[in-house]
Amino acid sequence: MSPRRPPPLPVVQDAESAEAAPLSRRSFLQVAGGAVAAAGLSACEIEGTLRRHFKELGKPELAKILESARREHEKRFGAKDWKVGAEAARPGVELGYGLDLSRCIGCRRCVYACVKENNQSRDPQVQWIKVLEMDKARGVDIMEADPYYEADEVPRPGKFYMPVQCHQCRNPPCVKVCPVQATWTEPDGITVVDYDWCLGCRCCMSACPYGARRFNWAAPGIKAEEVNPDIHLLGNRVRPKGVVEKCTFCIQRARAGRYTACVEVCPVGARKFGNLLDPESEIRYVMENKRVFVFKEELATHPRFYYFYAT
Amino acid sequence: MRINRIALFLKGCARLVTSGGRWYWAWMALLGLMILVGAAGYARQFGRGLIATNMRDQVSWAFYIGNFTFLVGVAAAAVLLVVPAYVYAWKPIKEVVVLGEMLAVSALVMCLLFVLVDTGSPQNMWHMLPFVGTPNFPRSMLVWDALVLNGYLLINGTVVIHILYRLFNGKEYDKRIVVPLVLLSIPWAVGIHTVTAYLYAGTPARPFWNASILAPRFLASAFCSGPAILLVLFQVLRKTTKFPISDEAISKIAEIMSYAMFVNLFLLAAEVFKEFYSATEHIVFTRYLFFGLHGHRALVPYAWAAVICSVVAFLLFVIPRTRKNVYTLNLGCLLIFSGVYIEKGIGLVIPGMTPDTLGEIYEYTPTVNEWMVAAGVFGIGFLVYTVLVKIAVPILDGRFQVGMDKPLEVAPEGRPAH
């Protein structure tokens with residue numbers, strides 16, 4: 001199917017770098033990006049602060065919240081084909097992910113596809129996927145990993161690449177430490193965050209062994225034309241400042257039976273995604289036929305995110 | 001009748017707090033300034049978000065949480081006075097125990113404020129409350145910490161207010177209230193520092209913290225730094241008020257401290273041996289702290305300063321001659337306080353996260369904004385202690401009691417009588 005040795009590709013450079021941004025765009029971001037009022041809370045934040053925990057919401061209450069979230073996004077980013085949902089997990093589905101380390105070439109297309117899909121802040125930058133460049137001679141040695149490699153062409157000789165994102169653990173340390181139950185694992189295996197419930201204490205960031213959680217140190221800045229209007233309340237809605245976020249396996253896509261953005265964009269097919277409970281799924285094929293391992297298995301987090309070597 | 005008494009008490013307190021000499025007002029003005037600076041810093045941080053700090057995803061807890069951790073130790077140290085005072089009814093300490101309990105109260109106020117200023121969405125703090133919120137109890141260590149810290153504040157606050165109010169009314173404290181509370185406060189004091197240690201020790205993602213020795217180390221260092229503050233405070237109070245603090249009390253506390261310092265250094269040595277002799281991949285954090293990593297050496301001078309402070313202080317305290325000499329004693333207090341402050345405030349939180357879980361090194365140093373907010377929190381804490389002492393001292397030495405019309409004119413504050 002795909003060639004053993006994929007052709008070299010240019011690495012996707014950081015087009016959104018805040019340093020490189022001209023001043024005019026910066027000031028534009030401050031308006032369009034709607035850096036929430038310099039002091040105090042926005043109406044949405046106040047409303048979010050006063051509601052119940054997501055899991056305690058009744059249907060009519062949830063509908064009201066979805067509608068007000070839709071209005072809030074529309075007000076901030078203008079008219080779009082907004083779809084704001086909170087689709088529940090499908091029965092009989094447990095999502096799993098496979099990443100082929102022998103294929104990944106470190107082009108970072110997944111990183112930016114994810115940012116685009118999941119409405120992460122562009123200024124300051126928030127990215128859910130981190131690609132580590134490591135020496136083939138050393139194997140997986142994170143102390144020698146370089147997450148900021150820059151190259152005209154990847155893969156570079158003697159290097160291999162290991163993307164890291166939320167591992168959707170079966171035994172998630174982040175969920176255990178959250179003082180307010182603002183983060184939990186859904187029946188389909190996705191660990192989500194209720195952004196309106198999060199305290200911003202960052203216990204979960206201390207607890208996560210994969211560095212998968214991101215904090216909104218400032219109000220997210222996103223240009224109106226860049227916002228993805230297909231939104232899940234527990235996933236890619238635009239976050240308030242001062243809360244934690246993370247990869248949700250593109251919950252808005254996964255629950256509609258679609259591939260995640262990172263799977264779709266990967267030019268070398270290094271990323272596999274599917275239902276672990278379906279014996280016919282690609283991810284099951286990978287697990288049964290390839291040499292699969294999990295990252296930091298000594299911590300017994302039991303990830304639903306597997307690395308493997310296909311070749 | 002009782003309401004009248006309470007009103008009288010409060011009125012008297014207000015009068016005590018609002019009267020004082022030039023130095024008193026200078027001190028209060030300084031505290032007011034610190035609080036204003038803190039308020040300005042916090043307003044800015046609240047508006048912009050925690051980006052006003054230098055914390056980032058790699059080092060997501062830092063200066064605020066370090067200060068919090070240190071102050072939990074100060075609060076826990078009150079128990080070193082409580083045990084000899086109430087369990088052994090040893091008179092020299094019993095006379096001063098309330099000063100230790102008041103220190104615990106002020107330290108706790110600062111602890112809770114440091115947690116508050118560290119949260120990104122403080123308006124959601126109520127989600128931790130039982131019934132209205134969804135506390136993750138008993139799984140989350142932060143919920144346990146909130147519980148034990150608030151409980152300890154309540155216990156110590158109640159004891160202090162009860163003792164002072166009874167003395168104001170010319171009566172001894174009610175044993176039925178104070179004894180059970182004080183007995184409860186002993187394991188509770190151990191509890192606040194243990195739970196705070198568990199907040200770190202319970203994260204296997206951070207091998208530097210994930211050590212069973214962490215809670216014992218926390219307690220040992222707390223029993224060094226807390227009493228160091230008390231010893232200095234006692235001497236200040238002896239100079240500025242007529243409050244009787246015996247040499248015996250001071251030398252007994254100093255003696256207990258020397259044991260604590262030994263245990264503290266011993267546990268540090270045990271940890272350092274384990275790390276360097278095993279030399280697993282987990283050594284990077286300790287190496288970053290003491291020697292730097294890949295040319296990043298921001299913490300190295302602090303780490304060694306802390307070790308030197310702790311060792312010299314131990315020597316000053318363990319040699320009877322230097323322990324009894326007022327100058328070397330105070331020097332030792334200053335050194336051990338600095339040593340533990342660096343160790344808990346900088347040397348615990350930051351190296352735990354440097355390098356981060358994916359091996360990245362982000363060198364953290366606090367921003368001016370963080371210093372401003374911290375100054376505000378310390379300002380509030382010192383203000384609480386000052387107010388409490390200002391009220392307590394005239395009550396304890398019998399100048400402020402019910403029936404005395406103008407207690408303040410009986411013996412003005414500010415200068416020693418002799």
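The following conversation introduces a predicted model and the terms used to describe it.

Guide: Residues are numbered from 1 along each chain as its sequence is written, while chains are lettered from A and ligands numbered from 1 in the order in which they are written. Because the model is predicted, local features need pLDDT of at least 70 and side-chain atom pairs count only at pLDDT 80 or more, whereas totals for chains, interfaces and linings use all residues.

Visitor: What makes up the secondary structure of chain B?

Guide: Chain B has 17 helices and 0 strands. These elements are DSSP runs numbered from the N terminus, with helices being H or I of at least four residues and strands being E of at least two.

Visitor: Why is chain B called as compact as a globular protein of its length?

Guide: The radius of gyration, taken over C-alpha atoms, is set against the globule rule, 2.2 Å times the number of residues to the power 0.38. For 418 residues the rule gives 22 Å, and chain B has a radius of gyration of 22 Å, so chain B is as compact as a globular protein of that length. Along the principal axes, the C-alpha atoms of chain B fill a box of roughly 70 × 55 × 40 Å.

Visitor: Why is B:Ala78 called buried?

Guide: A residue is buried if 20 or more other C-beta atoms lie within 10 Å of its own, exposed if 12 or fewer, and partly exposed in between, with C-beta atoms placed from the backbone. B:Ala78 has 30 other C-beta atoms within 10 Å, so B:Ala78 is buried. This residue is in the loop between α3 and α4 of chain B. Across chain B, buried residues make up 47% of the 418 residues.

Visitor: What does B:Ala78 touch, leaving out residues up to four places away in sequence?

Guide: Two residues are in contact if their C-beta atoms, placed from the backbone, lie within 7 Å. By that criterion B:Ala78 touches B:Gly100, B:Glu101, B:Leu103, B:Ala104, B:Asn156, B:Ala189 and B:Gly226. B:Ala78 and B:Ala189 are 111 residues apart in sequence, and their C-alpha atoms are 7.8 Å apart.

Visitor: Why does B:Leu267 count as partly exposed?

Guide: B:Leu267 has 18 C-beta neighbours inside 10 Å, so this residue falls between the limits for exposed and buried. B:Leu267 is in helix α10 (residues 247–278) of chain B. Leaving aside neighbours within four places in sequence, B:Leu267 is in contact with B:Ile213, B:Pro216, B:Arg217 and B:Ala220.

Visitor: How do you know where the domains of chain B begin and end?

Guide: Domain bounds come from an automatic or database domain assignment. That assignment gives domain 1 (73–201) and domain 2 (213–365). Their contact takes 22 residues from domain 1 and 25 residues from domain 2. On the side of domain 1 that touches domain 2, α8(B) gives the most, with 8 residues. The residues of this side divide into 16 nonpolar, 5 polar and 1 charged. Here Ala, Val, Leu, Ile, Met, Phe, Trp, Tyr, Cys and Pro count as nonpolar, Asp, Glu, Lys and Arg as charged, and the others, Gly among them, as polar.

Visitor: Why does the largest nonpolar core lie between the two domains?

Guide: A nonpolar core is a set of buried Ala, Val, Leu, Ile, Met, Phe, Trp, Tyr and Cys residues joined through C-beta atoms within 7 Å. The largest such core has 205 residues, and those with the most contacts inside it are B:Ala75 and B:Cys111. Domain 1 and domain 2 of chain B both give residues to this core, so it lies between them.

Visitor: Which residues form the contact between chain A and chain B, and how many come from each?

Guide: The contact takes 44 residues from chain A and 40 residues from chain B. On the side of chain A that touches chain B, α6(A) gives the most, with 4 residues. By class, this side has 31 nonpolar, 8 polar and 5 charged residues.

Visitor: What makes A:Lys296 and A:Ala300 notable in their backbone?

Guide: Most residues other than glycine have a negative phi, and most peptide bonds are trans. Phi of A:Lys296 is near 55°, and A:Ala300 has a positive phi of about 55°. A:Lys296 is partly exposed, with 16 other C-beta atoms within 10 Å, whereas A:Ala300, with 12 C-beta neighbours, counts as exposed.

Visitor: Which peptide bond before B:Pro138 is cis?

Guide: The bond from B:Phe137 to B:Pro138 is cis, with omega near 5°. B:Pro138 is in the loop between α6 and α7 (141–168) of chain B.
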